[in-house]
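This report concerns the packing of helices and the surroundings of a bound ligand. Please consult the sequence and the structure displayed below while reading.

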Amino acid sequence: MSALRLLTAGESHGPQLTVILEGMIAGVPVPTDALNRELARRQISFGAGGRMRIERDQARITAGVMAGRTTGAPIALEIANLDYSAWADREIAPMTIPRPGHADLTAAVKYGYRDLRLGLERASARETAARVAAGAICKLYLAQFGIVVGSYVTAIGEVEAILSEDLPYPERLERAEHNDLRCPDPAATEAMRQHIQQMAEQGDTVGGVFEVVALGVPPGLGSHVHFDRRLSGRLLGALGSIPAVKGVEIGPAFANARLPGTQVHDPIVRDPDGTLRRRSNRAGGLEGGITTGEPIVLRAAMKPISTTRTPLPSVDLSTGNPTTSRYERSDVCAVPRAAVVGEAMVAWVLADELIRKLGGDSLEEQLPRFAALRRSHLADLPMDNTPWRFGYPGDTS
Ligand code: EPS
């Protein structure tokens with residue numbers, strides 16, 4: 001069982017989203033604006049639809065944080081749906097035509113819905129606002145140990161960012177904060193904008209690829225001993241749980257699959273001071289389901305949004321007759337926003353693993369344990385009389 005349990009509830013057009021995060025240790029500072037800053041990052045994006053002009057997501061913490069710090073009790077928070085007032089008293093006709101690609105039909109089959117709105121209300125990516133709020137708390141926890149989780153967009157449809165391997169991750173993350181497509185390549189950003197614009201004009205939608213990176217993660221999180229303790233699987237699953245994400249890889253996994261092993265595996269080298277390092281990071285920061293101390297690099301493919309203005313073939317479930325999908329409103333491209341959700345999911349998994357690794361119930365207990373762990377990894381361990389030690393993020397040789 002996870003040390004850090006996350007539950008979200010709430011319909012897209014209901015009164016609010018509700019989140020419970022259980023298992024967070026006591027003593028983590030939670031400045032109120034930190035959560036709202038993360039929520040605002042999820043809302044900013046070129047290609048977002050009308051709904052994002054209505055919502056101004058704010059988290060209201062109702063439990064588990066007192067005097068600006070976590071108490072160790074379950075953390076509860078709420079995010080109001082401002083669009084609720086427009087829906088609350090409206091007569092809404094049942095929706096009977098499933099949109100191809102959406103959860104409309106599969107949810108109806110599973111739960112026996114006759115009105116497809118019952119499925120879409122919960123399948124809507126509105127729910128991801130709840131994850132981002134919880135992820136913000138996980139990020140605050142990780143920050144206490146110098147761990148940073150960020151993201152950037154590398155492709156929108158056919159437009160690919162060109163990022164030199166020498167462009168350091170902190171610089172990529174910094175650049176991503178400065179445009180509404182979260183893309184670190186300025187030339188590609190402009191082309192992406194035009195592509196989204198063109199898709200909107202054609203009544204179409206577009207997907208893309210984003211990367212989530214975690215910096216400063218110590219070696220030794222996760223485990224090889226059992227399938228569900230492999231951190232690789234947990235991270236892949238966490239990103240794969242984001243609506244419309246249909247593919248995830250660790251490092252350049254699909255490119256690695258096409259190369260001989262000698263060109264893939266990161267050489268292990270010993271620095272003059274005895275620190276063990278990897279000369280490259282094609283493993284994306286994970287070997288044997290355990291962190292290596294190198295940046296964790298995850299890449300996710302998001303399909304185009306399934307609500308398209310151009311009708312797609314479908315069947316009206318009330319008559320059984322062939323017809324085409326109907327359109328109310330939707331985003332044209334949600335990739336930059338999904339990247340922020342990806343950060344939240346990765347932060348949640350890493351926080352869970354670190355809490356499990358360090359044990360204890362408070363930051364006061366955990367900080368010295370983290371320092372001790374680091375010291376134990378840094379201790380000179382003789383092997384054939386040659387001292388060596390594990391490399392840690394942030395070590396300089
Ligand atoms: C979504 C449809 C749109 C999106 C929504 C996800 O909402 P609406 O149906 O109200 O127009 O904007 O995303 C959000 C509300 C959000 O907060 O991200 C869908 O069908 O998945």
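The following paragraphs describe three helix pairs and then the ligand site. The model is predicted.

**Helix packing**

The three pairs are formed by α1 (residues 32-43) and α6 (residues 128-143), together with α11 (residues 335-358). Their geometry is set out in the table.

| Helix pair | Angle between axes | Distance between axes |
|---|---|---|
| α1 and α6 | about 135° | 9 Å |
| α1 and α11 | about 145° | 7 Å |
| α6 and α11 | about 45° | 8 Å |

Helices α1 and α6 pack at an angle of about 135°. Because of this angle, α1 is oblique to α6. Their crossing is right-handed. On the α1 side, the contact is made by A34, L35, E38, L39, R41 and R42, which meet T128, A129, V132, A133, A136, I137, K139 and L140 of α6. By character, the residues of this contact comprise nine nonpolar, one polar and four charged.

Helix α1 also packs against α11, with the axes 7 Å apart. Here E38, R41, R42 and Q43 of α1 meet R337, V340, V341 and E343 of α11. The residues of this contact divide into two nonpolar, one polar and five charged.

The remaining pair joins α6 to α11 at an angle of about 45°. That angle is why α6 is described as oblique to α11. The crossing of α6 and α11 is left-handed. From α6, the participants are T128, R131, V132, G135, C138, K139, Y141 and L142; they meet V340, V341, E343, A344, M345, A347, W348, L350, A351, L354, I355 and L358 of α11. The contact of α6 with α11 contains 15 nonpolar, two polar and three charged residues.

**Ligand surroundings**

The residues around the ligand are H13, R42, R51, M52, H102, S124, A125, R126, R329, D331 and R337. Two of these names recur from the helix contacts: R42 of α1 meets α6, and both R42 of α1 and R337 of α11 are listed in the contact between α1 and α11.

Polar distances to the ligand are available for H13, R42 and A125. A polar side-chain atom of H13 is 2.7 Å from a ligand oxygen atom, and a polar side-chain atom of R42 is 2.6 Å from a ligand oxygen atom. For A125, a backbone N or O atom is placed 3.2 Å from an oxygen atom of the ligand.

Note on methods:
Residues are numbered from 1 along each chain as its sequence is written. This is a predicted model: local features need pLDDT of at least 70, side-chain atom pairs count only at pLDDT 80 or more; totals for chains, interfaces and linings use all residues. Side-chain values use heavy atoms; hydrogens and water are left out. Axes are lines fitted to C-alpha atoms, for helices over the stretch in contact, and angles run from 0 to 180 degrees between N-to-C directions. Helices (H or I, at least four residues) and strands (E, at least two) are DSSP runs, numbered from the N terminus. Angles under 35 degrees count as roughly parallel, over 145 as roughly antiparallel, 65 to 115 as roughly perpendicular and the rest as oblique. A crossing is left-handed if the near helix is turned anticlockwise from the far one by less than a right angle, and right-handed if clockwise. Contact means heavy atoms within 4.5 Å. Ala, Val, Leu, Ile, Met, Phe, Trp, Tyr, Cys and Pro count as nonpolar, Asp, Glu, Lys and Arg as charged, and the others, Gly among them, as polar. A residue is near a molecule or strand if one of its heavy atoms lies within 4 Å of it. A polar contact is a pair of N or O atoms within 3.5 Å; within protein, one must be able to donate a hydrogen and the other to accept it, and residues adjacent in sequence count only if both atoms are side-chain atoms.
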